[in-house]
Amino acid sequence: MNLLIKQQIDKSINPDVVRLYFSFLKRLFSDLQLSNDDERIALTMSSDGLFSFNLNWRLALHLDRQNNLSFLVNIDDVEMLQNDYSFTKEEAFIKQNPKAQLIHISFELVQKNTETIYKYWSKSCKMYMNEQGVSQYRKSHINEIYRIATDADLLEKYINSNVKLVKLIDTYKQKLNNEGFSDELFKWELLTENKGKPNLDADDFTAEMLSFNYHTQLLYPTAISVMKHIINEYPNEYKNLLVELYDEQIDLTERVNHFKKNVAVLYKKMGEKLGTHHDERTIATFLTYKNPDKYTFYKSSFYKKYCDLIGVPAKPAGQKYTHYLALLHDLIDNYIKYDNELEKLVKNHLPNELYQDSNRLLLAQDMLFVVLEKEYGKNKETTEQTTTNSSISYWVFQANPDVYDIFSALKDNVLVSWRVAQNKDKIKPGDKVMIRVTGQKTGIYALATVTSEPMENDTTSASKEKAYYLDDTAEDNQKSVRLQLDFNLIKHPFTKEQMTSIDMPGGRQGTNFPASKEQYFSVLNHFNNMHNSDNNHKNKPAQNIILYGPPGTGKTYELQTKYFPKYTTKETSISKEQHFENVVSELTWWEVIALALLELKKAKVPDIVENRWVSEKAKLSNSNNLGATIWGAIQNHTIEDCPYVNVATRQNPQIFNKTKDKYWEILEDEVQEQALELYDIMDSVIHFNPNPDKNIERYVFTTFHQSYAYEDFVEGIKPIMQDPDNPTSNISYEIQDGIFKKLCNLARRNPNERYAIFIDEINRGNISSIFGELITLIEPDKREGALNALSLDLPYSKKSFSVPKNIDIIGTMNTADRSVEALDTALRRRFSFIEMMPKYNLPELKTIEGFKLSEVLQTINNRIEILIDRDHTIGHSYFIGIENMPDLKQVFKDKILPLLQEYFYGDFAKIGLVLGSAFVIEKNKNSHNHVFATDFAYARKAELNHPYMSWLP
């Protein structure tokens, strides 16, 4: 990517105006067949605006920083446009160009009248394109801008890219241009020499392992020594571990941790007690030598710096290398492979005889190492050394929650001192402290600074501190230091697993012990990441997006792989309170009443209403009469033989009872028989133990269809059978929330998290009917808390409703399906549209018996585009997964041919133009009268018996 272009795009206050500017160029270049080599055109950037397009000597199109677009229009057409549109003219331009004028039109006006404005603008461009053979501005022409104008995917990359990464790549390109690969070329040389090693089938495995150069810049010397030591004693066992490490059928993270663990077992078996240094850096080197097309070298230091740069938390030990490779692939796919300048530099400086790194994994690794380790790393270290007092010490202050209520102290923000039992003579003002908690919730929960010398009888601090001690026997005369709380991590603690990743194991005794500067800054970086993440979530504007394109271009796959993970977190990331809310949101009224009575044992309705289960449910309810709702639910589930409840029909489970003195109770014997799951629900809340493997999804997924209605999406009246197990029971009706309203309620309770609704096939439903009045409320500036926030009363519940600003709406749309609704203008202007067209450069598009599937697909699509349009092309997914010729034939038979029949309404002649004579032939060439029934007379029988097109059998 070109950094200057990226910075220019970022200057725009609205990315949609940039998209609109380039859409005009793309269309014009196609209509007038203007290539990048055409010297009549010049695409430039300007200091007073953003981008300019010059056609010969005339300025034909300009985009300024105020979202105005300027168009070259013939003088006669300007007069016509003046009758309907408001715009200003460039006076200086009029004097130079008496036959044409440059008119300035606002983005909003251009957006609403694109076709009309394009018509007059393209007309003038066509008129003046042949005035000269070469534009005098051609020397300033920027090839990359032409690429952006003609490649919608590349434009989106520029708009959505991280400027920090663009700067990183730009810095690397400058170094590569000035110095080449310099002293890092050895990595390409090593892989040229050692690719595919070790050969595990070698006769002498030990000699094979010792035969190649591991290089001490890639491996710790100790790791090499340990490896040699082990293979001398246990060569077969070490070889078996390598076999498992290279087994691609096993998950990479699992392989990494299995290898680390079992090498340590072998080493200890030899009587050694020190570490093996067979960490992820060593494992990465083994994997890279064996298969550099899939793996590359790794070092924890620049991996962490890269995580800091892009604002994502680093993974704990054992998961780092997997995460690192994923980050590299993202960098390659979204930045490196689009950078033609970088590609040229690599070709210029990388000798042809060396490993060519076609997947650019080694290049990405080299980029991070060279820029972050050698440049940014040095600068950061220098800054830290000059700004940090070298005499500062770092400490862990440890709390036992059974003795000291550290969680309440942090929540109440009253942590002002700490008792000092060890290192009294070393702890001093200015020292940095990590507050660590032991027990089930082990972790670091705060960072603080020592503000006093250790002192006895500090009554001011002791009075505040003493209130949180749970042990009355604590000594009052123990020394303590005063603290200034710098960062409260109670919401996002540094977990036990993360502590292990910075070599801070658990189980250490005492209240005060030393720590390292590196450990402290790891925790500080964690806080910064969490803080930035919270702020980004909170402040990020709402997105309304539709992914559109022909069938098979990966729209739903894009949702699953790119968008779903953005709205997914682990259960460990939610608090006990959030877990409680999530549980209650899934419960029915009778269930929350039952759980309330399990806690209360016996209560009247007002007390039940006040219970946490019921009050939380009430926050989520549409009920206009809470008392009646509770009365109905509790009576319907009362046992049959209760004499104090007069309800004709009851529902299962029947677990409630009403006493003579008008108290309600729950019969636990009946719960044991009919609703045993209530105890599991209660236990999951009381003893909340987050499962690190469980995902919390902050999104819902739905598919629109012709029967989908407002009542499914927002709210509606739904029938409720009094007893689902009895088909003859009475039916009542209640107002129920639809899928989108439920999501809004959930998002409103968690404003610091982003939520999303994914709507597949959004244009299959009746949009106006489904969204109803929400068509206005979903606009980003109409959301809750936005500048022009709106709310309205819903038609069924009569309650005021608005859409939270932390909900994104993301849909998909198949442009080729002629059976679906067209999106109206009202909906279109409220969504951003991201086009997804067929991709031809995917590695999954294989070559089958000499047929390159990428070329087959592109040829078919070129022909379809001529015969119909680009919206009816065929997506790449149709050809993914094809392994052999039978697979290819099956895809054509079952998918491609039926699709083309639908596209061309059964016109086999046009299908033949697309696929050729191998698929479509002319039948009935030699017509005979006996084709039709001989006993039926019809004058035109011979005329009808003509040749026709059909499939080749």
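**Close-up views of the predicted model**

**Figure 1. The loop around Pro653 and the surroundings of helix 29.** Pro653 occupies the loop that runs between helix 29 and strand 17. The structure shown is a predicted model. The peptide bond leading from Asn652 into Pro653 is cis, and its omega is near 0°. Helix 29 spans residues 626-636, and its buried residues are Ile630, Ala633, Ile634 and Asn636. These buried residues pack against three helices, namely helix 26 (589-600), helix 27 (605-610) and helix 28 (612-620), and also against strand 17 (656-658) and strand 18 (664-666). An α-helix has 3.6 residues a turn, so residues three or four places apart point the same way.

**Figure 2. A cis peptide bond between Lys197 and Pro198.** Lys197 and Pro198 are joined by a cis peptide bond with omega of about 0°. Pro198 belongs to the loop between helix 10 (186-194) and helix 11 (205-209). Most peptide bonds are trans.

**Figure 3. Positive phi values at Asn423 and Glu761.** Asn423 is a residue other than glycine, yet its phi is positive, near 55°. Asn423 sits in the loop between strand 8 (417-419) and strand 9 (432-437). Glu761, likewise not a glycine, has a positive phi of about 55°. The loop that holds Glu761 connects strand 23 (755-760) with helix 34 (767-771). Most residues other than glycine have a negative phi.

**Figure 4. The largest nonpolar core, centred in this view on Tyr238.** This core comprises 76 residues, and the members that touch the most others are Tyr238, Leu242, Phe286 and Leu331. Helix 19 (residues 361-387) supplies the largest share of the core, with 10 residues. Apart from its neighbours within four places in sequence, Tyr238 contacts Phe205, Met209, Met227, Ile230, Ile231, Phe259, Val263, Leu266, His278 and Phe286. A second core of 53 residues is separate, and includes Val17, Tyr21, Ile142 and Ile159. In soluble globular proteins, nonpolar side chains tend to be buried together.

**Figure 5. Helix 9 and the glycine that follows.** Helix 9 covers residues 163-179, 17 residues in total. The distance from its first C-alpha to its last is 24 Å, close to the 24 Å expected at 1.5 Å a residue. Buried positions in helix 9 are Leu165, Val166, Leu168, Ile169, Asp170, Tyr172, Lys173, Lys175 and Leu176; Asp170, Lys173 and Lys175 are thus among them. Gly180 comes after helix 9 and has a positive phi, near 70°.

**Figure 6. The second largest cavity and its lining.** Two cavities of 30 Å³ or more are counted in the model. The second largest has a volume of about 30 Å³. Its lining is formed by Leu81, Tyr85, Phe87, Ile105, Leu109 and Ile117. Rolling a probe the size of a water molecule over the atoms shows where empty space is left.

**Figure 7. Ser124 in helix 6.** Ser124 is part of helix 6, which consists of residues 114-128. The relative accessible area of Ser124 is 0%, so this residue counts as buried. Beyond residues up to four places away in sequence, Ser124 touches Leu72, Val73 and Asn74.

**Figure 8. Asn36 and its contacts.** Asn36 lies in the loop between helix 2 (15-32) and strand 1 (41-45). Its relative accessibility is 18%, and Asn36 therefore counts as buried, the limit being under 20%. Residues up to four places away in sequence aside, Asn36 touches Arg138, His141, Asn143 and Tyr146. The C-alpha atoms of Asn36 and Tyr146 are 6.2 Å apart in space, although the two residues are 110 residues apart in sequence.

**Figure 9. Leu354 and its contacts.** Leu354 is placed in the loop between helix 18 (340-349) and helix 19. With a relative accessibility of 12%, Leu354 counts as buried. Not counting residues up to four places away in sequence, Leu354 touches Leu185, Trp188, Glu189 and Thr192. Leu354 and Leu190 are separated by 164 residues in sequence and by 9.0 Å in space, C-alpha to C-alpha.

**Figure 10. The whole chain, for orientation.** The chain has 953 residues, of which 46% are buried. Its secondary structure comes to 40 helices and 31 strands. Among contacts with a separation of 6 or more, 71% are between residues 24 or more positions apart. The accessible surface is about 47,400 Å², and carbon and sulfur atoms account for 48% of that area.

Technical notes: Residues are numbered from 1 along each chain as its sequence is written. This is a predicted model: local features need pLDDT of at least 70, side-chain atom pairs count only at pLDDT 80 or more; totals for chains, interfaces and linings use all residues. Side-chain values use heavy atoms; hydrogens and water are left out. A nonpolar core is a set of buried Ala, Val, Leu, Ile, Met, Phe, Trp, Tyr and Cys residues joined through side-chain atoms within 4.5 Å. Buried means under 20% relative accessible area, exposed over 50%, partly exposed in between (1.4 Å probe, protein chains only). Helices (H or I, at least four residues) and strands (E, at least two) are DSSP runs, numbered from the N terminus. Contact means heavy atoms within 4.5 Å. Accessible areas come from the Shrake-Rupley method with a 1.4 Å probe; for residues, only the protein chains shown count as cover. The expected span of a helix is 1.5 Å times one less than its number of residues. On a 1 Å grid over the protein atoms alone, a cavity is a set of points where a 1.4 Å probe fits but cannot get out, and a pocket is an open set with protein on both sides within 12 Å along at least five of seven lines; lining residues have an atom within 4 Å of a point. Grid points are joined across faces, edges and corners, and a volume is the space filled by probe spheres set on the points.
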